[in-house]
Amino acid sequence: MNSSAAEPQLPPPQPSPIELEVRRIRELMKIGRHAEASDAAQRLAAQVPENRDVLFLVALSQRYLNKIPEALATIERLEQLHPRFSQLYQERGYCFVALRDSPRAIDAFLRGVNINPALPASWSMLEGLYRMTGDAENAATAAAHVAILKRLPPEVVRATALFSDGELTPAENIIRAFLLRHGNHVEAMRLLAKIGIARDVLDDAELLLQAVLALAPDYRAARNDLALVLIERHKYSQAREELEKLLQLEPENRQYRTLYATACVGLGEQEKAIPLYRELLIEAPQAPDLHLSIAHALKTLGRRDESIEAYRAAAAARPNFGDAYWSLANLKTYRFLDEEIARMRAEESASWTPLVDRYHLCFALGKAYEDRGDYAESWRYYERGNALKRSESRYRPEIIETNTRKQIEVCTQEFFAARAGVGAPQPDPIFIVGLPRAGSTLLDQILASHSQVDGTQELADIQRIVLDLQGRDSDLGNPRYPGVLADMKPEDFLRLGEKYLAETRVYRTDKPRFIDKMPNNFRHIGLIHLMLPNARIIDARRAPMACCFSNLKQLFAAGQEFTYSTQDIARYYRTYLELMRHWDAVLPGQILRVQYEDVVEDLEGGVRRILDFCGLDFEARCVEFHKTERSIRTASSEQVRQPLFREGLDHWMNYEPWLGPLKDALGDALVDYRD
């Protein structure tokens, strides 16, 4: 989203031969040479049969030539491949108008404007169709939308249409140029914020939406967008405040009610969220996402059988809903029926199944065949799921490696000695760090079973502080953080420590200690020590092959993009070892390393060692951690509700025939991980 003024301006990319031909065909249509345009579009479609713009031109030319059945067949194919492309529905509407089929024309135009509200032609057609069918109320609504679009600057309408159809770069270019010329314009600023949300540049989006609401405090859509961003940034308390303002004005609004329930879940209030979701479900009993949200909340509370019923309802509501099947698999204790596996295989191989559902289905099938002991078929699906997920990822391992190098350069023993005594002195937090799937949830459950400790969740607060320190124009090759730590004053670290304690208070009860188990915080132990010098830090470690393989077969809800290829996970594990060795050297005695395999072999000994490090008295309930009833949100939630078993320690060896590249990539980490 941001660009530095000092950056060299690169020439715009040259259009491809396909793009040039698309432009030529459009020009042919403009001058009425439809037969020639149709022939050219058909030839181009033979070369790129899944290209959205080419298929659209084929359908358009077919309608111009009055080949309506052929045009509708092309649109059907286009919808299978690109279901979020609003103009295909507008074109379908025109086809049904040509067939004098008003009901289906109305339905098509409505689907288009529901995806893309900036379709003036569709709104105009809807106004006319509603008037023709005697529906004055809906005709007036459509006319109002036409009037709104006429009042908006053409650039904003055009950029909104492009954004709605997923063309983020041209939409952003248009809207940025417009804002440079015209200054503050609430619709343009809101659209730029929505582009930021789509690009996951959430800090920019939050600031833009706050600026919009400063100019137009009654703009409900912008306040709804802000609540959504706050939820995405894990600022659940602030999000709920914004939603309470909206619900005072529109208490029955489904969008506001849904987001409010989501904010409750984020705050760990599943018991409050479930009835809210169920109220929404009464109004829309076939809404798959609602069934899924209810199931997730039930799972977090340990209500396994009810969660299974809700996950199955989500899959029944949408048969290719990959997340519903993966969530069943992710219970770790669920076993798929033969007919469920057959259904998943069929949906995964269907050409119309979206990418996100395909890789969810692949991971679910990997687990299904793993549970049946068919490891070859299981690995085939895990490998395919990882490849599909990695194909949409923007993960770059060198960014993590650069951060590691900078941490080692900046955070020396002398650096910490010169800053001794800074930060907030409270000993409240216990940080559990390491890699995902390394046993952190087990350690979390052990500690949360203690009478003096609150188990919270994977808190994003350290990550947000790092983003603030990083600044807005980050140079990934030479990032501002962690170098900025050297320029900070003692009072800065005190302020950050107090900010962290204040903002995490919402997740706590009156117990004196609490757990923050965000594993990726191992990258920021230096910052944590400066902010909270008396916090306890536990490094949850697992043998590299077991840990990396466990990550390769796990599909995470968000983040952890390094887990979707053998090379990426191996590089990340090695980088983790390198940085943890550094923290051990410069902060001796500040970090307790807990080897997962050791805890499995001697649970009570491991528990006593952990509690002693945290300054907590031994309590037998920590050994019987599986009896503790609490909300657990991670992938291991069902596993830590059972006693420990040794069987899982070497489970990766069932897949050893396919893990040679992982072994090679890990190299000496295979033996050095225990230091």
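These legends accompany several views of a predicted model.

**Figure 1. The whole protein, with its 34 helices and five strands.** Let us start with the overall picture. The radius of gyration is 28 Å, close to the 26 Å that the globule rule gives for 675 residues, so the protein is as compact as a globular protein of that length. Measuring along the principal axes, the C-alpha trace spans about 80 × 60 × 50 Å. Of the 675 residues, 53% are buried. When contacts between residues at least 6 apart in sequence are considered, 68% of them join residues at least 24 apart.

**Figure 2. The surface and charges of the protein.** About 30400 Å² of the protein is exposed, and carbon and sulfur atoms supply 51% of that area. The charged side chains comprise 86 positive and 97 negative ones. If you mark the centre of each set, the two points lie 2 Å apart.

**Figure 3. Strand S4 and its partners S1 and S5.** Look for strand S4 at residues 536–541; five of its six residues are buried, which leaves the strand mostly covered. Strand S1 (residues 429–434) runs parallel to S4, and five bridges join the two. One place to find this pairing is glycine 434, whose bridge partner in S4 is alanine 540. S4 also pairs with strand S5 (residues 591–595), again in the parallel sense and over five bridges. Here, isoleucine 537 stands opposite isoleucine 591 of S5. A handy reminder while you look: in a regular strand the side chains alternate between the two faces of the sheet.

**Figure 4. The cis peptide bond between tyrosine 481 and proline 482.** Omega for this bond is about 15°. To find your way to proline 482, follow the loop between helix H26 (461–470) and helix H27 (490–504).

**Figure 5. Aspartate 200, a non-glycine residue with positive phi.** Phi of aspartate 200 is about 65°. The residue sits in the loop that links helix H11 (186–198) and helix H12 (202–215). With a relative accessible area of 52%, aspartate 200 is exposed, because the cut-off for that class is over 50%.

**Figure 6. Lysine 332, with positive phi in a residue other than glycine.** Phi of lysine 332 is near 70°. You will find lysine 332 in the loop between helix H19 (322–329) and helix H20 (338–349). Its relative accessible area is 11%, and residues under 20% count as buried, so lysine 332 is buried.

Notes. Residues numbered from 1 in each chain as written. Heavy atoms only, no water. Buried < 20%, exposed > 50% of the residue type's maximum accessible area, 1.4 Å probe, protein only. Helix = DSSP H or I, 4+ residues; strand = E, 2+ residues; numbered from the N terminus. Pairing = 2+ DSSP bridges. Rg over C-alpha atoms; globule rule 2.2 N^0.38 Å. Contact = heavy atoms within 4.5 Å. Areas by Shrake-Rupley, 256 points an atom, 1.4 Å probe, with all protein chains shown as cover. Lys, Arg positive; Asp, Glu negative; His and termini not counted. Charge placed at Lys NZ, Arg CZ, Asp CG, Glu CD.
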